[in-house]
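Please open the model in your viewer and set it to a cartoon representation with side chains available on request. The tour below proceeds by selection, one stop at a time.

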Amino acid sequence: LKWFIDNVPGLFVCFDTGNFMYAGVSEVTAFGLLKDHIVHVHLKDRDIAGDPDEEPKIAIDGTPLYASPVGYGMIAMNEILRGLVDIGYDDVLAIEHFGAPDQMRYLKASVDWVNMTWAEENAGSEE
C-alpha cells in the first residue's frame with residue numbers, strides 16, 4: 001500500500017485493521033505509514049483462538065486467525081483509535097466480522113466496545 005501511495009498521486013486508502021496480520025505486518029506500523037492517506041476505516045479484529053465452528057483464515061506464516069469482536073482480539077485497537085483521534089479522523093468506522101459463527105453477538109460486543117473506547121479516546125483528546 002505504501003508503494004502505491006508513493007507512486008500514485010492523490011491515492012487514499014481504506015485502513016483495514018485486520019488485514020495486516022495476515023501478511024505478518026504490524027497494524028500499528030502500517031497505521032504510521034498510511035495515516036496521512038486514510039479516508040475510511042474498517043475495524044476488524046482477529047485472534048488465534050476461535051469458535052470450533054469457525055473455519056480460520058490462514059496467515060502467510062501459517063498461523064490460523066479467527067474472527068473476534070472488535071476490541072477483544074489481538075489487533076491493537078486502542079492504539080489505532082488513539083491514532084485516529086490524533087490525526088483528527090472523524091468519518092466512518094465500519095465493523096466487519098467475516099467468518100464469525102455468531103455475527104449478531106460479535107456485532108453487539110463490537111459496537112459496545114467501539115462506542116465506549118471511541119468516546120474515551122475523544123474525551124482524552126480534549127484534555
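What follows is a sequence of selections in a predicted model, each with a description of what is found there.

**First stop: the N-terminal helix**

Select Lys-2 and Asp-6 and display their side chains. The two residues form a salt bridge, and their closest N and O atoms are 2.8 Å apart. Both belong to helix α1, where their spacing of four residues amounts to about one helical turn. An α-helix has 3.6 residues a turn, so residues three or four places apart point the same way. Colouring by accessibility shows Lys-2 as partly exposed, at 32% relative accessible area, and Asp-6 as exposed, at 51%.

Now add Trp-3, Phe-4, Val-8 and Leu-11 to the selection. These four residues make up a nonpolar patch on the surface, and together they have about 390 Å² of accessible area. Val-8 is located in the loop between α1 (2-7) and β1 (13-16). Its relative accessibility is 34%, so Val-8 counts as partly exposed.

**Second stop: the aromatic cluster**

Select Phe-15, Phe-20 and Phe-31, which form one aromatic cluster. The structure has three aromatic pairs. In the pair of Phe-15 and Phe-31, the ring centres are 5.6 Å apart and the planes stand at 85 degrees, so the arrangement is edge-to-face. This pair connects distant parts of the chain, since Phe-15 belongs to strand β1 and Phe-31 to helix α2 (residues 27-34), 16 residues apart. Are these two residues buried or exposed? Both Phe-15 and Phe-31 are buried.

**Third stop: Asp-16**

Move to Asp-16, which also lies in strand β1. Asp-16 is buried, its relative accessible area being 9%. Which residues does Asp-16 contact when its neighbours within four places in sequence are left aside? The answer is His-42, Lys-44 and Glu-96. Keep Asp-16 selected, as it returns at the last stop.

**Fourth stop: the three-stranded sheet**

Display the backbone of strands β3, β4 and β5. They form an open sheet in the order β3-β5-β4, and the pairing is antiparallel. The edge strands are β3 (45-47) and β4 (57-58), each of which pairs on one side only. Between β4 and strand β5 (residues 64-68), the antiparallel pairing runs over two bridges. To see the register, select Lys-57, which stands opposite Leu-65 in β5.

Next, select Ser-68, also in strand β5. With 5% relative accessibility, Ser-68 counts as buried. Residues up to four places away in sequence aside, Ser-68 touches Asp-45, Arg-46, Asp-47, Gly-73, His-97 and Tyr-106. For a sense of scale, draw a distance from Ser-68 to Val-92: the two are 24 residues apart in sequence, and their C-alpha atoms are 20 Å apart in space.

**Fifth stop: helix α3**

Select residues 77-86, which make up helix α3. Which residues of this helix are buried? They are Met-77, Ile-80, Leu-81, Gly-83, Leu-84 and Val-85. Just beyond, the helix is followed by Gly-88, whose phi is positive, near 80 degrees.

Display Arg-82 and Asp-86 within the helix. Their side chains meet in a salt bridge, at 2.8 Å from N to O. The two residues are four places apart in α3, about one turn of the helix. Arg-82 counts as partly exposed at 24% relative accessibility, whereas Asp-86 is exposed at 55%.

**Last stop: salt bridges across the chain**

Side chains of opposite charge can pair when their charged atoms come close. How many salt bridges does the structure hold? There are six. With Arg-82 still on display, add Glu-121. Arg-82 forms a salt bridge with Glu-121 as well, and the closest N and O atoms are 2.7 Å apart. Arg-82 is in helix α3 and Glu-121 in helix α4 (residues 103-125), so this pair ties together parts that lie 39 residues apart in sequence. Glu-121 counts as buried, at 13% relative accessibility.

Finally, return to Asp-16 and add Lys-44 and Glu-96. Salt bridges with shared partners join Asp-16, Lys-44 and Glu-96 into one network.

Key:
Residues are numbered from 1 along each chain as its sequence is written. This is a predicted model: local features need pLDDT of at least 70, side-chain atom pairs count only at pLDDT 80 or more; totals for chains, interfaces and linings use all residues. Side-chain values use heavy atoms; hydrogens and water are left out. Two strands pair if DSSP finds at least two bridges between them. Patches are made of residues with over 30% relative accessible area and no salt bridge: like charges are joined within 9 Å, nonpolar side chains (Val, Leu, Ile, Met, Phe, Trp, Tyr) within 5 Å. Accessible areas come from the Shrake-Rupley method with a 1.4 Å probe; for residues, only the protein chains shown count as cover. Buried means under 20% relative accessible area, exposed over 50%, partly exposed in between (1.4 Å probe, protein chains only). Rings of Phe, Tyr and Trp (its six-membered ring) pair if their centres lie within 6.5 Å; planes under 30 degrees apart count as stacked, over 60 as edge-to-face and the rest as tilted. Contact means heavy atoms within 4.5 Å.
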